[in-house]
Amino acid sequence: MGIKMSLLVKQTQLELREKIIEALGRAVANGELPAEPLPDFNIEKPANSANGDFSANTALAGAKAFKKAPRIIAESIVKNIDLRGTLFERVEIAGPGFLNFFLSRRYYTEILKDVVAKGADYGKSDFGGGKSVVVEFVSANPTGPMHIGNARGGAIGDCLSSVLEYAGYKVHREFYVNDAGNQIEKFASSLEARYLQIFNDGIEMPEGAYMGPDITEHAKAFAAEFGSRYVSAPSEERKKALVDYALPKNIEGLERDLLQYKIKYDRWFKESTLHKDGSVDKFIKKLKDSGVTYEQDGALWFKASEFGNDKDIVLIRSNGLPTYIVPDIAYHYNKLVTRGFDKAVDVLGADHHGYVPRIKAALTALGIDVSRLDCVIMQMVNLVRDGETIKLSKRSGKAITLNTLLEEVPIDAARFFFNLREPDSHFDFDLDLAVRETSQNPVYYVQYAHARICSILKKAQNEGITLRTPTDEELDRLNSPEETELIRHLSALTDEIITAAKSYNPAKITHYVIELATLFHKFYNARRVMVDDEGLMQARLFLCGAVKNTIKNILTMLKISAPESM
């Protein structure tokens, strides 16, 4: 444990910064540059490896301070820099004065050894410093089955949680159960009408009722167990009995379906607990005491426009009932204050753009730093078959739910596909591609790369080859363009995970592993592994093992299987 963030990469960057500063010091001492404070400069990895392994904008950043052209400053740095004893072999000047540094073979050897030494921990870091993060996602309405949007939210939320864990955060996964409010009242009225229809003709469904077959099934099951006992009961008693019977079954179904989808929550937090323990009333009182509410037309309003929202919002209606936003704000207060998570992350649907500023306005009014709440707004997903968008299941004629999707598409493919695009982008889920066992299917392509390497290593052992750790000199021979590119990509994993964690974008990891598989196939097609040269063969087998382990680490993080044969 105690794995440091991209230790070798970070050390190399720090060492390079020191060498550049030392070179500037010599240039000043030699009278080539004036003694002026140096503005901060950046060291980064160029997008094109032809421009070096690291690039520094030191000369451009210092042009104003030194009152010289960047190119002249760059030439002075190159003249005075001493790269002896470092992992760099040369530096070149590019464009107006960029400094491009090229690493020696030993750097790539050290990277490869580091990947293998860390094993299952490769990619993990202490970037998050153990800070606690509660990630709330899916939170589907418990009055019915989960739809395709929930399926995407589940994959994004769960994979994002894993990314945050790998980046050094302590993550708590949570499902917020809306078991109170208008939707439960509508659920109750819908169940009541279906139940009464079993015993009486002429009972109509109330306006806006839930019309799904699950409502009818619940009513029939309730009638089979309790008969007509509740037909003559008062409506409120009848509705309570129906909800108490059906809602737990729905929640159990959500939990069962999500477990099948490889999602296990640390807590299923019920909205009703916020009403029962007085949290909602306490929240209202806090806002009143803060002087940020007022009464108008018999309703209680919050001065949300004074805290970043576009307009004020109603908290308590004229009928005395709270609006839906009230328990939601109390829930976020519970997460950030009562339970004291360092950060809360919500994965929300595309219809929640107006919701976020309202929540943040209320938290601000309560004195909470809203930078502790981040919301990932997820766009819609379309299911595509034969190039056409579909809305109904051809098999059942019903809207496609998570269950019906997983009857068609492997779980691995569903989780991977839903993370192929950034959460804030629309996504067309190609049902035909998701089940295709070809290189065009990205999850199959990645899994095949893992299985292919397993086959290579197994074949070597079957041929009596004892796999060993190559010497540094042998690993230094992995210097072809394909090998260098592959190792360079391996070195980027930890930073890529950190970037994905900072941007709340697990798609960066699927993109990374697809590129890793691509680079491996490219290497394998260009360079024979089982060569007569024993030292080179061992080095290439070692490289294969490093790639295999890295693919497995990523797939494990995404809760996707890494088959050893296909």
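A residue counts as buried when its relative accessible area is under 20%. By that cut-off, C454 is buried, because its relative accessible area is 12%. The model examined here is a predicted one, and the same cut-off helps to describe the protein as a whole: of its 566 residues, 52% are buried.

The overall picture comes next. The protein contains 22 helices and 15 strands, and its C-alpha atoms fill a box of roughly 95 × 65 × 40 Å along the principal axes. Among contacts between residues at least 6 apart in sequence, 72% join residues that are at least 24 apart.

One helix offers a friendly exercise in checking geometry. Helix α9 covers residues 235-260, 26 residues in total, and at 1.5 Å a residue it should span 38 Å. The C-alpha atoms at its ends are 37 Å apart, so the expected and computed spans agree. Just after α9, K262 takes a positive phi of about 70°.

The cysteines are worth a look as well. How many disulfides does a search of the whole structure find? The search finds zero. C375, for instance, is in no disulfide, and the nearest cysteine sulfur, in C159, is 19 Å away. With a relative accessible area of 24%, C375 is partly exposed. Why does C454 form no bond with the cysteine whose sulfur is closest? That sulfur belongs to C544 and is 11 Å from the sulfur of C454, which is too far for a bond, since a disulfide needs the two sulfur atoms within 2.5 Å.

C159 appears again around N419, which lies in the loop between α15 (411-417) and β15 (427-430). Is N419 buried or exposed? Its relative accessibility is 2%, so N419 counts as buried. Apart from neighbours within four places in sequence, N419 is in contact with A155, I156, C159, P506, A507 and T510.

Empty space can be explored too. Rolling a probe the size of a water molecule over the atoms shows where such space is left. The second largest pocket holds about 810 Å³ of space. Its lining has 33 residues, and those closest to its centre are K45, P46, A492, D495 and E496. Elements giving two or more residues to this lining include α1 (7-29), β1 (43-44), α5 (105-118) and α19 (481-491). Helix α20 gives the most, with five residues. By character, the lining of the second largest pocket divides into 14 nonpolar, eight polar and 11 charged residues.

Definitions and conventions
Residues numbered from 1 in each chain as written. Predicted model: local features only at pLDDT ≥ 70, side-chain atom pairs only at ≥ 80, totals over all residues. Heavy atoms only, no water. Buried < 20%, exposed > 50% of the residue type's maximum accessible area, 1.4 Å probe, protein only. 1 Å grid on protein atoms, 1.4 Å probe; cavity = no way out; pocket = protein on both sides within 12 Å on 5 of 7 lines; lining within 4 Å. Points joined across faces, edges and corners; volume = space filled by probe spheres on them. Helix = DSSP H or I, 4+ residues; strand = E, 2+ residues; numbered from the N terminus. Nonpolar A, V, L, I, M, F, W, Y, C, P; charged D, E, K, R; others polar. Contact = heavy atoms within 4.5 Å. Expected span 1.5 Å × (residues − 1).
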